[in-house]
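Here's a quick tour of one model, going from backbone to binding site. Have the viewer open while you read.

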Amino acid sequence: MTCHSKETITLKERPKSKKCYESLCQLIPGGVNSPVRSFKGLGVDPIVAERAAGAFVYDVDGNAYLDYCGSWGPLIHGHAHPEIVAAAQWRVAQGSTFGITSAIEEKLARLVIKHVPSVERIRFVSSGTEATMSVARLARGYTGRDLLVKFTGNYHGHADFFLVQAGSGLIDLTPTSSSAGIPEDIIRHTVCLPYNDIETSRKYLLNPENSYRVAAVILEPIAGNMGCVAGTPEFLKMLREVTSSIGALLIFDEVISGFRVGLGGAQALYGIKPDLSCFGKIIGGGFPAAAFGGRKEIMEYLAPLGPVYQAGTLSGNPVAMEAGAKTIELLERKGFYKDLEEKTNLLTKPIQEYLQKHQINACLPQVGSMFTLFFGRRQVRSMEEAKEVDLNQFAHFFRYMLSNGVYFFTCAA
Ligand SMILES: Cc1ncc(COP(=O)(O)O)c(C=O)c1O
């Protein structure tokens, strides 16, 4: 059997996992604390993790899985890296939270500011959602404008005003929310445009009826949430030019790409300086930390210096700061990203060659260690194209890999 055959895959019995998941379902909606963990649509019960080390995660039945998901991005050094574990253990013994400011926050702030020159000032929060939600308020407060422009297929966490899709991508459609419980009044301040579509975006942003209302354009410069779809350099360059010309801010959501594609993130790779950026995942080193930062004059609009309120009991948590700082120090070691890309290529190149040789209708876009295997299309540049991929084939592939002890990540498409 091959991963692209249609044969039925029998997965190993996992009695303890099954029992544990059933118990969780009695207590927690869907048995999970984040929907994607339920493996919905993949035709297989979720993994119930017990422990993890290095490249492997082990379920409660004792099965080992080679983990290509890495907790959705934070674990760039693998699970339980000894130096990160030691740093966090030492820090937790010094007190796990203070509720007052601490020197360890300076250490991580300096590391981020050193590597990401567009970030002159930074504020730490506890999740990517908090970072994007706060950055949106800051952009609106700074510009005195209400409208946020985002792109279909880009995910910026689960704040109400980001959970918006614009129908078939037509900009004059009334935007519709992708979750129940979001008032119309809120989503009417978000506009969703097609990713990588230069003309549509330029036309919308330069239209005098819109331009004076746009507070910010936010995007994943390398999208990871519809699968890996890189923004084209021309698209990003156009957004930089147009936002500057209309007095709107450009926000890069680098929650995935930050410290993943290089120490300077996607903005260094493309040579584009956004006004504000969001980080998460890797900067917490596997602990709940995220951040937003950017130009000093904008960041100083935040309380206590300025009028934009933003706060958090566990923001800048010392254990997360220590783990994040150690994670970045490990990334600074010579040759890290080159090695990471070479390791990724060991996996992706043979797949690319196989697809080519057997003329399989699939593609594997890759930027450094970010990649996705899409079935049913030879190229994916936007959500509109990602919607055409063969998700049944992907589910089959996912089950095939899992039955062979490999846990692959799913794509949201
Ligand atoms: C690009 C991007 N922004 C924001 C978020 C939200 O981060 P969190 O899940 O930490 O709230 C995510 C989560 O995957 C993300 O991929």
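## Backbone oddities

Before we start on the loops: helices (H or I, at least four residues) and strands (E, at least two) are DSSP runs, numbered from the N terminus. Keep in mind that this is a predicted model.

Most residues other than glycine have a negative phi, and most peptide bonds are trans. Two spots are worth a look with that in mind. The peptide bond running from A303 to P304 is cis, with omega near 10 degrees. P304 sits in the loop that links α10 (296–299) and α11 (318–331). The other spot is F39, which is not a glycine yet has a positive phi of about 60 degrees. You'll find F39 in the loop between α1 (15–27) and β1.

## A four-stranded sheet

Next up is an open sheet of four strands, ordered β1-β2-β3-β19, with mixed pairing. The edges are taken by β1 (49–53) and β19 (406–407); each has a single partner strand, so one side of each is left without a neighbour in the sheet.

Zooming in on one edge, β1 pairs with β2 (residues 56–59) in the antiparallel sense, over four bridges. Within that pairing, A49 is opposite D59 of β2.

## Around the ligand

Which residues surround the ligand? The shell is made up of S127, G128, T129, Y155, H156, G157, E220, N225, D253, V255, I256 and K281. By type, these shell residues split into three nonpolar, six polar and three charged.

Some polar distances to check in your viewer: an N or O atom in the T129 side chain is 2.7 Å from an oxygen atom of the ligand. N225 also places a polar side-chain atom 2.9 Å from a ligand oxygen. With Y155 the backbone is involved: one of its polar backbone atoms is 3.4 Å from a nitrogen atom of the ligand. On its own the ligand would expose 390 Å², and the protein buries 81% of that.

## The second largest pocket

If you're scouting for other space, the second largest pocket has a volume of about 710 Å³. Its lining counts 29 residues, and T101, E105, I122, R123 and F124 are the ones nearest its centre.

Both α3 (103–115) and β4 (121–125) supply at least two residues each to this lining. Which element gives the most to the lining of the second largest pocket? That's β4, with four residues. As for chemistry, the lining divides into 14 nonpolar, 10 polar and five charged residues.

Definitions and conventions:
Residues are numbered from 1 along each chain as its sequence is written. This is a predicted model: local features need pLDDT of at least 70, side-chain atom pairs count only at pLDDT 80 or more; totals for chains, interfaces and linings use all residues. Side-chain values use heavy atoms; hydrogens and water are left out. A residue is near a molecule or strand if one of its heavy atoms lies within 4 Å of it. A polar contact is a pair of N or O atoms within 3.5 Å; within protein, one must be able to donate a hydrogen and the other to accept it, and residues adjacent in sequence count only if both atoms are side-chain atoms. Accessible areas come from the Shrake-Rupley method with a 1.4 Å probe; for residues, only the protein chains shown count as cover. Ala, Val, Leu, Ile, Met, Phe, Trp, Tyr, Cys and Pro count as nonpolar, Asp, Glu, Lys and Arg as charged, and the others, Gly among them, as polar. On a 1 Å grid over the protein atoms alone, a cavity is a set of points where a 1.4 Å probe fits but cannot get out, and a pocket is an open set with protein on both sides within 12 Å along at least five of seven lines; lining residues have an atom within 4 Å of a point. Grid points are joined across faces, edges and corners, and a volume is the space filled by probe spheres set on the points. Two strands pair if DSSP finds at least two bridges between them.
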